[in-house]
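Trainee: I should like to request a close look at a single part of this predicted model, namely its cysteine pairing. Please set that part out in detail and then relate it to the surroundings of the ligand.

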Amino acid sequence: MSQMSRWIAAAMVLAAVAPAAADEAVRFDENETAMILRHGPWPQPPVRDPSNRVSGNPAAIALGRALFFERRLSPGGVVSCAHCHAASRSWTDARAQAAGIGELVRNTPSLWNVGRNRWFGWDGGSDSLWSFAIRPILHPAEMGADAGHVALSLRADRQLACLYEGAFGLPGNRSPANDERVLVNAAKALAAYVETFVSGRTPFDDFRDALERGDAASAARYPLEAQRGLKIFAGRGNCAMCHFGPNFSNGEFHDTGIPFFVKGGVDPGRHAGIQRLGADRFNLLGNYNDDRSGDSATKTRHVDAQHRNFGEFKTPSLRNVELSAPYMHNGRFATLREVVLHYSEIRADRLHSDGEALLKPLKLSPREADDLVAFLRSLTDPQAEQTALALSGIPNRCAGSTSR
Ligand code: HEC
Ligand code: HEC
């Protein structure tokens, strides 16, 4: 049986054995069913980044974990990655716009499943997780460090020096070239650690798998309001066209009608992201890409800023979205309900890009808005907080430290 006919068969089984309260049961048509099944299975096989030779390497992950919580990486000794990406807050800061040493104009995204991205940052200004990680370290409003400071911190602390050596060997004598290599390696270790932020299964995943198996009894455990919300999401809402696939993101950039005026100007989004990417000497076209085949750099070679990219931002994943308020690239909406109402009342004439015919005002009734919110909440992994705390709680003991 082809994949498609299996889906159709599964949908028919569900329709046939749907619960007695037939007027309440939610029926998914063929297209909706196919769309829903594409949101899984979950979890997906682990990500390995060919451009980062320590991706998946336990020694690098241990160093990355130590660095992620290390405030001394910033010269004032106050701002670590975790300052904005807190484990207890689903790797965010609960602020509309982030603040480190100074104030930023963008919202801190959650880092769950971030390794599955193709581009990094709301504007996709980085083409790898590790090259993105260099950005907050050097950004004057985030951690405000430079390569020399990072290399010095890594050499000065016995624990960090030992962890570094375990992952990369000795850092070599101090020189601008060696310091820069240490910075890049630190970023690769951070990336290896952040790749382990994989969220667990959700009520939605159980429903999706039941649908695939044609198991109506298990499927019926998924709350009806979430089912109705899912029907809007995968059907007339078109949400799944952009929030696509197992991680609920197509990895692309869109204008969803969020105003891009910021303090002192505009946020050009993807347009500036592509320019930043081209100018970044840590991009995948540069010397620090560990992928000898060169395949990973193809996307970077071919990307080109177009006028329509102005004001476009990356489609975020929706796994655990309930836990990372406020929402959108500028933190404009405090609740999921506000996001849903935005899509419900969207002004199509304000969307300047040609590709956004997908978005039209949905004119949801209050119950439909509640249903869509209930569906979004069903994307929450009930173990997320424990998992995040477990990922952050392991003591940074370096095996070699006693012999140093
Ligand atoms: C001052 C707050 C702050 C600090 C400190 C910070 N971040 Fe972030 N992080 C953000 C913001 C804001 C964004 C969105 C940036 C953008 O799009 O311009 C972001 C984005 C990211 C992304 C991209 C996520 C995606 O979906 O594309 C990654 C990965 C990341 N940060 C990792 C780190 C690491 C690793 C560190 C430490 C080296 C760090 N961050 C330090 C606020 C912070
Ligand atoms: C045309 C592509 C597209 C469609 C269709 C779409 N989205 Fe989005 N979604 C995006 C983009 C892009 C963003 C980020 C926009 C920004 O920050 O400026 C976003 C943001 C969100 C967020 C906030 C996530 C966060 O972490 O900040 C939620 C929730 C959301 N969308 C849900 C939905 C729902 C529900 C629908 C259907 C009614 C939908 N989306 C339809 C592209 C889309």
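Mentor: Cys 162 and Cys 398 are joined by a disulfide, with an S to S distance of 1.9 Å. The torsion about their S-S bond is about -75°, and the disulfide is therefore left-handed. Distant parts of the chain are linked by this pair: Cys 162 belongs to helix H7, which covers residues 158-168, whereas Cys 398 is found in the segment after helix H17 (384-393). The two cysteines are 236 residues apart. Both ends of the bridge are shielded, since Cys 162 is buried and Cys 398 is buried as well. The predicted model holds one disulfide, namely the one between Cys 162 and Cys 398.

Two further cysteines may be considered for their accessibility. Cys 239 has a relative accessibility of 17% and so counts as buried, the limit for that class being under 20%. Cys 242, at 15% relative accessibility, is likewise counted as buried because of that value.

Cysteines also appear at the ligand. Ligand 1 is surrounded by 29 residues, and the closest are Cys 81, Cys 84, His 85, Gly 121 and Lys 314. Of these, His 85 has a particular role in the geometry of the metal: its NE2 atom, at 2.1 Å, is the only protein donor of the iron atom of ligand 1. His 85 itself is placed in the loop between H4 and H5.

The two helices that flank this loop also take part in the shell. Helix H4 (81-84) and helix H5 (129-138) each supply at least two of the residues around ligand 1. The greatest contribution comes from H5, which gives six residues to the shell.

Polar atoms of the protein approach the oxygen atoms of ligand 1 from both backbone and side chain. On the backbone side, an N or O atom of Gly 121 lies 2.7 Å from an oxygen atom of the ligand, and for Trp 122 a backbone N or O atom is likewise placed 2.7 Å from an oxygen atom of ligand 1. On the side-chain side, a polar atom of Lys 314 is 2.6 Å from an oxygen atom of ligand 1.

Taken by class, the shell around ligand 1 is made up of 18 nonpolar, seven polar and four charged residues.

Terms used. Residues numbered from 1 in each chain as written. Chains lettered and ligands numbered in written order. Predicted model: local features only at pLDDT ≥ 70, side-chain atom pairs only at ≥ 80, totals over all residues. Heavy atoms only, no water. Near = heavy atom within 4 Å. Polar contact = N/O pair within 3.5 Å; in protein donor to acceptor, adjacent residues only side chain to side chain. Helix = DSSP H or I, 4+ residues; strand = E, 2+ residues; numbered from the N terminus. Nonpolar A, V, L, I, M, F, W, Y, C, P; charged D, E, K, R; others polar. Disulfide = S-S within 2.5 Å. Buried < 20%, exposed > 50% of the residue type's maximum accessible area, 1.4 Å probe, protein only. Donors = N, O, S within 2.8 Å, 3.2 Å for Na, K, Ca; no water.
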